[in-house]
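Please take a moment to look over the sequence and the model before reading on. The paragraphs that follow begin at the ligand and then turn to the strands and a helix.

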Amino acid sequence: MSANLRRPLIAGNWKMNLDLRQSVELARALKDGLGQAGAEVAVCVPFTSIAVVGEVLKGSPIRLGAQDLHWEKEGAYTGEVSAGQLLDAGCRYVIIGHSERRRYFHESDEVVRKKLKAALAAGLWPIVCVGETLEERERQQTFNVLKRQVEALAGLAPAELSSLVIAYEPVWAIGTGKTATPEQAQEAHLFIRNAVAGHYGKDFAQALRLLYGGSVKAENIDSLMAQPDLDGALVGGESLKPVSFLRIIHFQAPARSGAR
Ligand code: PGA
């Protein structure tokens, strides 16, 4: 599959924000304002908002997602939510291994891998986050960290992985207003694509969608999306603002002919 066939994905990560009324309002504004979008669009909402947002998004191409899951199918795991429950509630996508989960909830590469397997087994489409901290970047460890995080995804059946999306989110750029430059993002994306190719082959890696995340906004999306290995964005803060998020969805970049 050629690189041209990677349809861009713009996914919002609402994190732990918005009550039910605000969630409904935002979902409605996105649905009403979407128009004709070349990109696929998803919103990853808090567990408690999944049902109401799903109701609002009925009839819209905007897909629903969650921000985390547990790897077991069911059982005595107080406070957790399974892949099957997310699917049943209407989710298509699930974010896995976000840096906030790795950092505040001590999620290891091993946990990320278990969650990925559970999501794939249930038929959810995973968005796995990778990325280095500021300290790791300053110690020139960026590529080592990315290599290790990608390695944790190796050894699965490629056929099962066809829905996989990887988001490169340098931790130092998340919520800080400091975006990676388009060149820094491109360099990391190319590294990740090559690392994936090492595990799953070139064809698989060429078809894989790689999102950038970290202070994406209306002002920088166009230059980011002009980079050849950026296939979309995972957007935090700005996904809570309908005007900004819609502008990000309708980014202006060289056309990717033949996008699916
Ligand atoms: P941000 O968050 O856009 O607010 O930096 C991105 C993310 O954490 O996914």
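**Around the ligand**

In this predicted model, 13 residues surround the ligand, and those that come nearest are K15, H98, E169, G175 and S215. Sorted by class, this shell is made up of four nonpolar, seven polar and two charged residues.

Several of the approaches to the ligand can be followed atom by atom, and they involve both side chain and backbone. From E169, a polar side-chain atom lies 2.7 Å from an oxygen atom of the ligand, while from G175 the atom that lies 2.7 Å from a ligand oxygen atom is a backbone N or O. G236 likewise contributes a backbone N or O atom, which lies 2.8 Å from an oxygen atom of the ligand. Taken on its own, the ligand has 280 Å² of accessible area, and the protein covers 95% of that area.

**Strands and a helix**

Turning to the strands, the reader will find that eight of them close into a barrel, in the order β1-β2-β3-β4-β5-β6-β7-β8, with parallel pairing. From one strand to the next, the twist averages 25°.

One pair serves to show the arrangement in detail: strand β1, residues 9-13, pairs with strand β2, residues 40-44, in the parallel sense over five bridges. Within this pairing, G12 has V43 in β2 as its bridge partner. Helix α11, which spans residues 242-249, lies across β1, β2 and β8, the last of these being residues 232-235, and the helix runs at about 155° to β1.

Note on methods: Residues are numbered from 1 along each chain as its sequence is written. This is a predicted model: local features need pLDDT of at least 70, side-chain atom pairs count only at pLDDT 80 or more; totals for chains, interfaces and linings use all residues. Side-chain values use heavy atoms; hydrogens and water are left out. A residue is near a molecule or strand if one of its heavy atoms lies within 4 Å of it. A polar contact is a pair of N or O atoms within 3.5 Å; within protein, one must be able to donate a hydrogen and the other to accept it, and residues adjacent in sequence count only if both atoms are side-chain atoms. Accessible areas come from the Shrake-Rupley method with a 1.4 Å probe; for residues, only the protein chains shown count as cover. Ala, Val, Leu, Ile, Met, Phe, Trp, Tyr, Cys and Pro count as nonpolar, Asp, Glu, Lys and Arg as charged, and the others, Gly among them, as polar. Two strands pair if DSSP finds at least two bridges between them. Helices (H or I, at least four residues) and strands (E, at least two) are DSSP runs, numbered from the N terminus. Axes are lines fitted to C-alpha atoms, for helices over the stretch in contact, and angles run from 0 to 180 degrees between N-to-C directions. Contact means heavy atoms within 4.5 Å.
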